[in-house]
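This report describes selected local features of one structure, moving from its helices to its surface and its aromatic side chains.

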Amino acid sequence: MVLQHPAEQSGDGVGGRFARLAEHASNFTSSALFSGLCLVLVASFVVVHLLGLAVGWQHLVGDAIGAVSLLLPALLKNSERRAERAIQRKLDAIAAALLEQQEGRPGQAHGDLDDAIRMEERL
């Protein structure tokens with residue numbers, strides 16, 4: 001197993017299943033629906049304890065909160081790293097284009113800068 005940056009794992013510029021899942025998770029977790037679900041989970045945790053329900057119910061709610069807490073960092077970090085990579089590549093393309101313009105020599109930088117537009121959607 002080779003550890004690579006998530007943006008570099010797929011050579012064709014299209015993310016794999018995990019990358020797509022991470023992107024969807026990032027979009028979902030930034031929604032009002034997810035905030036509502038988190039509030040319901042926390043409220044159910046409080047209610048289960050206040051009502052003194054069986055330990056099994058307490059474990060069920062606690063395990064649900066724990067599962068969400070463990071999955072989110074992995075999915076969100078993947079999405080974050082792909083976005084960081086896209087930003088860095090865009091900055092590199094801008095810097096190269098500015099350098100070419102300043103030096104008055106034509107080069108590949110204009111094409112790279114054009115390719116960098118909406119790059120984060122392709123990673």
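Along helix H3 of this predicted model, the buried residues are Val61, Leu72, Leu75, Asn78, Ser79, Arg82, Ala86, Ala93, Ala97 and Glu100. One of them, Glu100, has a relative accessibility of 13% and therefore counts as buried, the cut-off for that class being under 20% relative accessible area. When its neighbours within four places in sequence are left aside, Glu100 is in contact with Arg105, Pro106, Gly107, Gln108, Ala109 and His110. Gly104, the residue that follows H3, has a positive phi, near 70 degrees.

Helix H2 is likewise followed by a glycine, Gly52, and the phi of Gly52 is positive, near 65 degrees. For each of these two helices, the distance from the first C-alpha to the last can be set beside the span expected at 1.5 Å a residue, and in H3 as in H2 the two values are close.

| Helix | Residues in helix | First to last C-alpha | Expected span |
|---|---|---|---|
| H2 (32–51) | 20 residues | 28 Å | 28 Å |
| H3 (55–103) | 49 residues | 72 Å | 72 Å |

H2 and H3 also appear together in a description of the surface, where Val47, Leu51, Leu53, Trp57 and Leu60 form a nonpolar patch whose accessible area amounts to about 510 Å² together. Each of the two helices, H2 and H3, supplies at least two residues of this patch. Val47, one of the patch members, lies in helix H2, and because its relative accessibility is 42%, Val47 counts as partly exposed. That value falls between the limits of the class, since residues under 20% are buried and those over 50% are exposed.

The aromatic side chains give a brief account: how many aromatic pairs does a search of the whole structure find? The search finds one. In this pair, the ring centres of Phe28 and Phe34 are 5.5 Å apart and their planes stand at 70 degrees, so the arrangement is edge-to-face, a class that calls for planes over 60 degrees apart. The two partners fall into separate accessibility classes, because Phe28, at 34% relative accessibility, counts as partly exposed, whereas Phe34, at 13%, counts as buried.

Note on methods
Residues numbered from 1 in each chain as written. Predicted model: local features only at pLDDT ≥ 70, side-chain atom pairs only at ≥ 80, totals over all residues. Heavy atoms only, no water. Patch = residues over 30% accessible without salt bridge, like charges linked within 9 Å, V, L, I, M, F, W, Y side chains within 5 Å. Areas by Shrake-Rupley, 256 points an atom, 1.4 Å probe, with all protein chains shown as cover. Salt bridge = Lys/Arg side-chain N within 4 Å of Asp/Glu carboxyl O. Helix = DSSP H or I, 4+ residues; strand = E, 2+ residues; numbered from the N terminus. Buried < 20%, exposed > 50% of the residue type's maximum accessible area, 1.4 Å probe, protein only. Phe/Tyr/Trp six-rings, centres within 6.5 Å; stacked < 30°, edge-to-face > 60°. Expected span 1.5 Å × (residues − 1). Contact = heavy atoms within 4.5 Å.
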